[in-house]
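Here is a structure to look over together. Let's go through what its labels rest on.

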Amino acid sequence: WVGGRYSMDSAIGLSTMVAIGPDQFEEMLAGFHAMDEHFRTAPLAASLPVLMGLLCVWYGDFFGAETTAVLPYEQYLKRFPAYLQQLTMESNGKHVTIDGERVDYQTGGVFWGEPGTNGQHSFYQLIHQGTKLIPADLIAFGQTLNPLRDHHDILSSNVFAQAQALAFGKTEAEVRAEGTPERVVPHKVMEGNRPTNVLLAEILTPRLLGSLVALYEHSVFTQGVIWNIDSFDQWGVELGKVLAKQIIPELTSTGEPDLRHDSSTNALIRRYRSLKAGSHGQSGG
């Protein structure tokens with residue numbers, strides 16, 4: 001079997017079950033189910049996946065936001081943004097509707113991110129003061145899995161501080177009131193009005209992880225319905241695989257292959273074969 005972006009909680013998750021045990025895996029499934037039921041039964045105005053999906057459409061199609069940052073303040077979720085990249089971009093990276101018509105609006109955006117403590121010292125600068133509008137999801141927890149003095153309080157204070165700073169910024173008057181030299185004032189102004197969602201849960205558990213993944217799954221589906229695209233195919237991925245199968249024998253052939261690709265691909269294959277032959281010669285010497 002080959003797993004896909006919606007198969008984490010299926011038989012494809014057997015390796016996960018072996019790693020965490022069947023009881024924990026069942027808890028994760030319960031989390032998936034809880035969010036599924038919420039999505040199925042909650043009024044649209046109170047549905048968390050619907051609201052998140054609508055916000056993605058709102059900021060992408062009406063404000064020109066091209067990316068969404070996912071910023072977990074929990075090191076165990078360090079790969080969660082990468083997981084969401086496949087879920088979101090493979091699902092909604094489409095330029096035609098279900099009926100095959102070319103869309104005249106933006107569809108799936110780029111999802112990316114890092115744990116918040118890493119990002120604060122790198123790309124948060126651009127989110128705060130750059131010219132790109134980047135909505136952000138801040139994910140935090142009331143309790144930590146590794147208690148150590150007041151470290152979790154310090155970590156959590158940064159979540160709330162970042163959300164406040166992104167929302168309200170810092171005005172010229174506030175900067176001047178701090179005694180800032182006039183020439184520096186423009187550089188310290190934060191415009192604010194940067195959109196964020198703060199997802200605050202009790203503690204990271206298998207059940208919570210299941211609900212979190214399902215939350216984004218249903219948000220992706222909501223966006224696909226609004227855009228009238230198929231969130232469950234991936235023909236762009238398939239094309240790359242088909243072409244790769246054609247190229248493999250051209251890379252492994254002992255004789256010079258008859259290359260019939262475009263000029264760029266032909267040149268790359270020839271260069272690769274040349275480098276490959278050179279490395280063999282060096283190791284043999």
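Q: How do you know at what angle the axes of helix α2 and α10 cross?
A: Axes are lines fitted to C-alpha atoms, for helices over the stretch in contact, with angles from 0 to 180 degrees between N-to-C directions. By that recipe, α2 (residues 22-41) and α10 cross at roughly 35°, and their axes come within 7 Å. Keep in mind that this is a predicted model, where local features need pLDDT of at least 70, side-chain atom pairs count only at pLDDT 80 or more, and totals for chains, interfaces and linings use all residues. Residues are numbered from 1 along each chain as its sequence is written, and side-chain values use heavy atoms, leaving out hydrogens and water.

Q: Why is the crossing of α2 and α10 called right-handed?
A: A crossing is right-handed if the near helix is turned clockwise from the far one by less than a right angle, and left-handed if anticlockwise. The α2 and α10 pair comes out right-handed.

Q: What makes the contact of α2 with α10?
A: Contact means heavy atoms within 4.5 Å. On the α2 side the residues include M28, F32, M35 and F39, and on the α10 side they include V213, L215, H218 and F221. By class, this contact has 11 nonpolar, six polar and four charged residues. Here Ala, Val, Leu, Ile, Met, Phe, Trp, Tyr, Cys and Pro count as nonpolar, Asp, Glu, Lys and Arg as charged, and the others, Gly among them, as polar.

Q: What makes a cavity a cavity rather than a pocket?
A: On a 1 Å grid over the protein atoms alone, a cavity is a set of points where a 1.4 Å probe fits but cannot get out; a pocket is an open set with protein on both sides within 12 Å along at least five of seven lines, and lining residues have an atom within 4 Å of a point. One cavity of 30 Å³ or more turns up, lined by T88, N92, G108, G109, F111 and Q223. Its lining has one nonpolar, five polar and no charged residues.

Q: Which residues are the closest to the centre of the largest pocket?
A: The largest pocket has a volume of about 350 Å³. Of its 15 lining residues, M8, Y76, L77, L204 and L209 are the closest to its centre.

Methods. Grid points are joined across faces, edges and corners, and a volume is the space filled by probe spheres set on the points. Helices (H or I, at least four residues) and strands (E, at least two) are DSSP runs, numbered from the N terminus.
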